[in-house]
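Open the model in your viewer and keep the sequence panel visible. This tour goes from stop to stop, saying what to select and what is there.

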Amino acid sequence: YRLINLGEDMSKYKPESNDLTEEAIAKFVASYLDGSLKPFLMSEDIPEDWDKNPVKVLVGKNFADVAKNQDKNVFVEFYAPWCGHCKQLAPIWDQLGEKYANHDSIVIAKMDSTVNELEDVKVQSFPTLKFFPAGSDEVVDYDGERTLDAFVKYLDDKISGTSQEAGKKDEL
């Protein structure tokens, strides 16, 4: 059995055992109601070669270690394998990974969000692009153009600490 919160985040809860006694079910429901029950999050196992290619492969089990590494700026594509827009983005994302493959502080990564879930990062559509800056717990939604040039400019601006607004002020 499962419990699903049909709210905005569609959180799923699963008991630790398959015990169907009244006592076990009552304990499960009580822990949900008092907020102590943690959501059930899907995760694939970490692939042995997750960091072999320029675009790193994230799953639920290695996401925090990679994306929230305080020494790295991590740009993540959350995708679905069946998504047409994701398939169009794939070669551009691979080029971006190649461009930053040897960069000291930038990591380009991707995560199949149909089989991996995260408690603190919500993905509502595909592809979703998010930037996790070094030295911060901030999560920045990327909503710019999905071209290699736009991604490179975005990352270079983020790393250098400038923004489009700062550039405009310099021109004045």
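Start at the residue that comes after helix 1: select G35, which has a positive phi, near 85°. Most residues other than glycine have a negative phi. Keep in mind throughout that this is a predicted model.

**The whole chain**

Now select everything and colour by secondary structure. The chain has five helices and seven strands. Followed along the sequence, their pattern is β-β-α-β-α-β-α-β-β-β-α-α. Turn the C-alpha trace about its principal axes: it spans about 70 × 35 × 30 Å. Of the 172 residues in the chain, 34% are buried. Consider next the contacts between residues at least 6 apart in sequence: 64% of them join residues at least 24 apart.

**Helix 1**

Select residues 22-33, the twelve residues of helix 1. How far apart are the end C-alpha atoms of this helix? They are 16 Å apart, and this agrees with the 16 Å that the helix should span at 1.5 Å a residue.

Next, show the side chains of A24, F28 and S31, which are the buried residues here. Look down the axis of helix 1: the buried residues fall within an arc of 70°, so they line one face of the helix. To see what they pack against, add strand 1 (3-4) and strand 2 (12-13) to the selection.

Turn to the face of helix 1 that points away from the buried side. E22, E23 and L33 are the exposed residues carried there. Pick E23 from this group: its relative accessible area is 68%, and a residue counts as exposed over 50%, so E23 is exposed.

**Across to the cavity**

From E23, draw a distance to P133, C-alpha to C-alpha. The two are 46 Å apart in space and 110 residues apart in sequence. P133 is one of the residues that line the largest cavity. To show the full lining, select A67, K68, N69, F132, P133, S136, D137 and E138. How much space lies in this cavity? The amount is about 30 Å³. The structure holds one cavity of 30 Å³ or more.

**H85 and a cis peptide bond**

Stay with S136 from the cavity lining and draw a distance to H85. Their C-alpha atoms are 30 Å apart, with their positions 51 residues apart in sequence. H85 is found in helix 3 (residues 84-99). Is H85 buried or exposed? Its relative accessibility is 53%, so H85 counts as exposed.

Show what H85 touches. Leaving out residues up to four places away in sequence, its contacts are F126 and P127. Zoom in on the bond between these two: F126 and P127 are joined by a cis peptide bond, with omega about -15°. Most peptide bonds are trans. P127 belongs to the loop between strand 5 (106-112) and strand 6 (128-132).

**Two cysteines**

Select C83 and then C86. C83 has 5% relative accessibility, and buried means under 20%, so C83 counts as buried. C86 also counts as buried, at 5% relative accessibility. How many disulfides are there? The count comes to zero.

**P54**

Move to P54, in the loop between helix 1 and strand 3 (55-58). With a relative accessible area of 32%, P54 is partly exposed. Which residues does P54 touch, not counting those up to four places away in sequence? They are G97, E98, A101 and I108. Add Y100 and draw one more C-alpha to C-alpha distance: P54 and Y100 are 7.6 Å apart in space, though 46 residues apart in sequence.

**Helix 4**

For the last stop, select residues 148-160, the 13 residues of helix 4. At 1.5 Å a residue this helix should span 18 Å, and its end C-alpha atoms are 18 Å apart, which agrees. Show the side chains of A150, F151, V152, Y154, L155 and D157: these residues of helix 4 are buried. Finish at G161, the residue that follows helix 4, where phi is positive, near 80°.

Note on methods. Residues are numbered from 1 along each chain as its sequence is written. Side-chain values use heavy atoms; hydrogens and water are left out. Helices (H or I, at least four residues) and strands (E, at least two) are DSSP runs, numbered from the N terminus. The expected span of a helix is 1.5 Å times one less than its number of residues. Buried means under 20% relative accessible area, exposed over 50%, partly exposed in between (1.4 Å probe, protein chains only). The arc is that of the directions from the helix axis to the C-beta atoms. Contact means heavy atoms within 4.5 Å. A disulfide is a pair of cysteine sulfur atoms within 2.5 Å. On a 1 Å grid over the protein atoms alone, a cavity is a set of points where a 1.4 Å probe fits but cannot get out, and a pocket is an open set with protein on both sides within 12 Å along at least five of seven lines; lining residues have an atom within 4 Å of a point. Grid points are joined across faces, edges and corners, and a volume is the space filled by probe spheres set on the points.
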